[in-house]
Amino acid sequence: MNEAQLNKLLDLGEQAAQRGDWQASKKYFEQAVNHFPQDVLAVNGLASSLLQLGNADQAIPHFERIASLLPESADAHNNLGVAYLIAGLYPQAEKSYRKAVELSSENVQAWKNLAIVCLKQNKMEEGVQILASVVKAYPKDIEALYLLGQCYHEAEEFDSARYLYKQAAKINPDYEPVKQALSNLPVTSVDSSRIARSEHAQKLAALKNLKKNRQKHSKPPEKSASEPAVEIRETSPSLEKRQSLAFYGLPELPGGRRAELIARLLGKEGYQTKFAQGIEEGDLENFDCLVFSQPHLSPDLINGVMACIQSGKRFAVDIDQDYHNLPQDHPAYSQYGPGNANSMKALNIMLQEAEWVSVPSVELAERMSQYNKTVRVVLPVWDRENLLWEKPKQKRAQFNIGWMGNAADRPDLWMIKSILEDCLQKIPQAQLVIAGDPMAYEMFENISETRRLYLPAASTEDIPYVLSQFDIRLIPLRETLFNQAKSDLPLLEAGVLRIPWVATPIRAFREWKEGGLLADTGEWCESIIRLVNKEKQRLQLGENGRKKAESRESQRLLSA
């Protein structure tokens with residue numbers, strides 16, 4: 001066979017491939033390979049035809065031959081990776097994709113394929129990080145937006161997934177995968193099964209009265225004149241030594257995650273603990289005390305408290321924010337705050353009947369003392385077992401001024417919106433990073449997209465990674481009763497990662513003090529510019545914050 005005949009077969013094979021006749025395409029390319037086994041076009045055509053016919057195992061040797069014939073071709077290694085991926089050979093696919101991006105760092109498809117194979121192998125952090133980098137570099141890459149949206153969809157971070165899908169839909173409204181993904185997202189609405197109803201409040205009130213009637217027939221010891229009416233004390237997560245404790249909460253909410261962390265830390269120290277979303281068979285008998293986190297948020301938790309009251313079982317309540325003072329613009333106001341009288345009534349009864357109440361700040365403890373005489377301040381902690389807390393910060397060209405929050409925190413960020421916009425004009429080397437709330441990102445549409453970055457909401461485990469993208473953390477808070485009772489958790493998180501901060505001077509932040517600058521409304525821009533321009537002060541504040549955070553490391557507290 002001469003070269004003219006080879007070219008004829010290649011043309012016929014290509015024509016068959018274009019009309020989707022892969023059997024014919026395979027036949028022509030196979031004839032060409034039989035006579036010219038080193039011809040790259042012929043081998044590639046045969047390999048591609050076999051892959052389209054679902055014969056990845058047969059295609060792989062041919063793609064391997066192309067990679068050996070063209071060892072410096074990023075496309076050759078990328079195509080080999082695709083064949084490995086389809087065949088389910090993920091480690092081999094990853095190796096090929098890494099070779100492709102090593103040869104050509106601009107090969108966007110290879111980067112996306114590498115992200116996919118990382119996700120297939122549960123290397124979630126790297127896969128998401130690659131996709132986020134692609135989206136930042138190529139904001140109109142519809143496939144990258146879709147794939148990153150899929151990651152957050154599967155993690156049930158629906159707001160972030162919806163934002164990414166909608167960005168993709170703006171580019172191509174007819175892109176079918178995005179249309180399907182948007183239709184599969186749950187409708188944003190309040191889960192009515194989670195709202196305390198009148199029957200819950202009524203049952204709790206009845207059980208409270210029953211308990212009072214029982215106490216009438218007993219003679220409790222009289223209170224000493226010197227005994228304080230209210231006890232507020234700070235404790236480590238161990239709460240009471242040598243108790244077996246069961247913790248209950250909603251793991252998707254911060255309060256539930258706080259309870260889950262405490263249960264896990266105590267379990268590591270040899271205590272008998274558990275964490276669940278509601279009491280289970282045997283819990284009343286097997287544990288000394290049951291601790292309910294934000295119990296008014298779930299009928300299952302309310303029923304658990306009722307079971308404790310009815311049986312005389314010891315129980316406690318953990319509250320992580322001041323629900324009694326939720327502002328009217330808070331998303332939970334009409335469900336779990338003053339806008340729902342039944343929810344408030346249920347919460348008050350549970351606080352009053354608990355053996356003790358735990359909270360994360362002294363300010364909140366003082367407020368809860370009107371409902372219970374024993375209030376414990378269990379300050380936020382961090383766990384060194386999450387290796388992301390110790391991961392070295394990556395160097396980057398731009399200076400990142402970061403904010404992390406959700407829809408409830410958006411009005412606080414709005415308070416300094418114009419200040420931030422003016423401030424960024426004075427520091428051209430900086431960009432604004434918004435994490436967690438896509439609508440907060442859209443709020444800054446006056447800032448060029450080249451100077452702002454959005455990072456989707458993160459799971460508890462991934463919070464250190466998101467925060468590591470910040471060079472300064474901003475924590476603005478409006479002057480509301482609700483905000484004034486918040487804990488120092490944001491400063492603790494920043495301190496662990498040596499990130500200096502600028503924050504509103506609420507009580508918990510004033511008491512923490514180390515690692516950043518407290519700023520009233522008129523001082524924000526000056527404070528931000530000072531930290532951006534004074535590297536030495538910034539680094540010193542970061543070290544001071546880390547030193548303070550070390551005192552809240554879980555193992556150190558538990559061993560104390």
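The following exchange concerns aromatic rings, charges over rings and one loop residue in a predicted model.

Colleague: Why is the aromatic pair of Y441 and Y454 called tilted?

Modeller: The ring centres of Y441 and Y454 are 5.9 Å apart and the planes meet at 55°. Pairing requires centres within 6.5 Å, and planes under 30 degrees apart would be stacked and over 60 edge-to-face, so the pair is tilted. By the pairing rule, the model has eight aromatic pairs.

Colleague: What makes this pair a tie between parts of the chain?

Modeller: Y441 belongs to helix α21 (residues 438-442), whereas Y454 belongs to strand β10 (residues 452-455), so the pair ties together parts that are 13 residues apart in sequence.

Colleague: Why are Y441 and Y454 called buried?

Modeller: Buried means under 20% relative accessible area. Y441 has 6% and Y454 has 10%, so both count as buried.

Colleague: Which residues do ring pairs link into a cluster?

Modeller: The cluster consists of Y146, Y165 and Y175.

Colleague: How do you know that the charged end of R376 sits over the ring of W356, and that of K548 over the ring of W512?

Modeller: The distance part of the criterion is within 6 Å of the ring centre. The values are 4.6 Å for R376 over W356 and 5.4 Å for K548 over W512. The criterion also asks for a position within 35 degrees of the ring normal.

Colleague: Why does G54 count as exposed?

Modeller: Its relative accessibility is 59%, and exposed means over 50%, so G54 is exposed. G54 lies in the loop between α3 (40-52) and α4 (56-69). Its C-alpha atom is 9.3 Å from that of A87, 33 residues apart along the chain.

Key. Residues are numbered from 1 along each chain as its sequence is written. This is a predicted model: local features need pLDDT of at least 70, side-chain atom pairs count only at pLDDT 80 or more; totals for chains, interfaces and linings use all residues. Side-chain values use heavy atoms; hydrogens and water are left out. Rings of Phe, Tyr and Trp (its six-membered ring) pair if their centres lie within 6.5 Å; planes under 30 degrees apart count as stacked, over 60 as edge-to-face and the rest as tilted. Helices (H or I, at least four residues) and strands (E, at least two) are DSSP runs, numbered from the N terminus. Buried means under 20% relative accessible area, exposed over 50%, partly exposed in between (1.4 Å probe, protein chains only).
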